[in-house]
Structure formats: structure tokens, C-alpha cells
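Hi,

Here is the structure I promised to pass on. Have a look at it first, then read my notes underneath.

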Amino acid sequence: MIEIINLIQGIEEVRKELTAAFEIPLDCYEVDFKDRKQKLTICPGSSENIKEITSMPDETFALGSVFDWMGVKYLIHKKDANLTLHTKGQAKRCEKELRWKNVDEELFVYPCTAEDATKYSTGEENGYYVDSGEFQIKVLVTLDANTALIRRGQRFLIDSSAFIEDTIQKGFIPNAFKVTRRNVITGVYNEEGYVELTLCEDQFNKDTDNALELIADDPALLHKEEEIPSDTAKDIEEVF
């Protein structure tokens, strides 16, 4: 019995030492999750947009959750199931946002990762072999009650939101995409994780797509007169 007590006390001492030492390294940072602040060690990963992360002893984080570090959002796309002392994982930088509205015109904005998933095919033209590709992207977004409803065929406008108004005024339209593949299997563990979506380019619809807000198939435009300002509407019209 005494040996067991000594063993437990020894383990607790180790935990205390690990916790105290955790904050010493230069790679320990406080990050912002949606519902809390938490300290993580953040180290470079296999590429510039991947980070290796570790929680403090006896703390953890959810697969698919997003945190803000130094003004940049990261989505946790890998998590070690071994939670003995602390949790290890990988986080990927979120380059874009998915924006959409439901039938009640409620707006949803989710940070997401984005990478080129273009498929190329080889063909022959005028005696030459040529490679042609249909541009498509793969995005990862946190799985929850809202993103679980995203299905094949749903459309999104994904572009540079910081310059969208100026872009439209100069006669250009935002990029439209349509979901062609939905994966809620490989990125989910114990009902937490992320949705993997593959999106291919789609045609911008000037009648139902809200260019300024980057909302495809905006319910407000589906059932009402177009509410885009007249000057902007004229700019969009001139593109077609």
C-alpha cells in the first residue's frame, strides 16, 4: 500500500515538474480558441502552413477545432489519441472562409483550409499531347451541426474578401464553386473533427449570388428583388 502511495506521489511530482517546465520554452504561446484561451507549444511542421502543437499536461484540444495565433487562424487536422500526459497534434493554416446563409437568412462564416486539388487529364490536339485541368480545391472545415448539413451541389463564393468591393467596381466577379465531394468519415473521431469538401469551379449567377457579401444562392435574392446597389449591379451586368 505504501509503495502504491509513493508511486502516485511520484507521478504527481512529475506532472508538476512538466507543467512548470512547459512554459519555459520559447515556443510556448497562449492561443485563442472560440470558447477559451489555452497555452500550446507551437513548432514548425512539414511545410510553412503546418504547425506541430502540444498541450499542457492534463489538457487537451478537439480535433477539427480552430484557434487564433498571432492573427492567423489554424485548424487542428491531426490529434494523437494518446492522452496519457498531454495531447499532440498538427494544425493547418486557414487561408479562406466558407460563407453561406440558410433558408432563414442566418449567416454562417467558418474559417477553412484550402489547397489545390486540380485533376489533370491528357489528350491529343493537332498531333500534340496536351494536359488539361479542371480547377478544383479541397477545404477542411470544423464539423458541427451547421457544417454537417453541407451537401453535394451546395455553392460558395470564395475570393479575396478584402478587395471584393473594388474588384466588382472594376468589372470583375468573384469565383464561384460547387461541392462535388463530401467526406465526414476520415477526419472524424469520437464525433469531433472536420468535414473535407472538394469544390470545383462553377458559373457565377448574377441573379442569385451576392457578390458583395460573398454569398452564393443568397435567400434574400432568391425571393426578393436584387438588393445590390445600382452602381455595383451595373458593374456586374457589364461583365456578361
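Below is what I found in it, starting with the whole chain and then moving to single strands and residues.

A word on the ground rules: this is a predicted model, so local features need pLDDT of at least 70 and side-chain atom pairs count only at pLDDT 80 or more, while totals for chains, interfaces and linings use all residues. Residues are numbered from 1 along each chain as its sequence is written, and side-chain values use heavy atoms, with hydrogens and water left out.

**The whole chain**

The protein chain has four helices and 15 strands. Both are DSSP runs numbered from the N terminus: helices are H or I with at least four residues, strands are E with at least two. Of its 240 residues, 37% count as buried (buried is under 20% relative accessible area, exposed over 50%, partly exposed in between, with a 1.4 Å probe and protein chains only). The accessible surface comes to about 14500 Å², and carbon and sulfur atoms hold 51% of that (areas by the Shrake-Rupley method with a 1.4 Å probe; for residues, only the protein chains shown count as cover). Among contacts with a separation of 6 or more, 51% are between residues 24 or more positions apart; contact means heavy atoms within 4.5 Å.

**The barrel**

Six strands form a closed barrel in the order E1-E2-E3-E6-E5-E4, with antiparallel pairing (strands pair if DSSP finds at least two bridges between them). Neighbouring strands of this sheet are turned by 45° against each other on average, direction ignored; the axes are lines fitted to C-alpha atoms, for helices over the stretch in contact, and angles run from 0 to 180 degrees between N-to-C directions. Within the barrel, E4 (residues 66-69) and E5 (residues 72-79) run antiparallel and are joined by four bridges, with Asp68 partnered by Lys73 in E5.

Glu48 sits in the loop between E2 (37-44) and E3 (50-55). Its relative accessible area is 61%, so Glu48 is exposed. Lys92 is 44 residues away from Glu48 along the chain, yet their C-alpha atoms are separated by 9.3 Å.

**Around E15**

Strand E15 (residues 192-202) pairs antiparallel with E13 over seven bridges, and E11 also pairs antiparallel with E15 over seven bridges. On the E13 side, Phe177 stands opposite Glu201 in E15. E13 (residues 176-183) also pairs antiparallel with E12 (residues 155-157), over three bridges, and there Phe156 stands opposite Phe177.

On the E11 side, Gln136 faces Cys200 in E15. E11 (residues 136-142) is mostly covered, with six of its seven residues buried. E8 (residues 107-116) pairs antiparallel with E11 over four bridges, and Thr113 stands opposite Leu140 there.

Which residues does Asp202 touch, leaving aside its neighbours within four places in sequence? They are Arg155, Ala176, Phe177 and Lys178. The side chains of Asp202 and Arg155 make a polar contact of 2.6 Å (a pair of N or O atoms within 3.5 Å; within protein, one must be able to donate a hydrogen and the other to accept it, and residues adjacent in sequence count only if both atoms are side-chain atoms). Asp202 lies in E15 and is partly exposed because its relative accessibility is 27%.

**Cysteines**

Cys28 is buried at 17% relative accessible area, and Cys200 is buried at 9%. The disulfide count is zero, a disulfide being a pair of cysteine sulfur atoms within 2.5 Å.

Cheers
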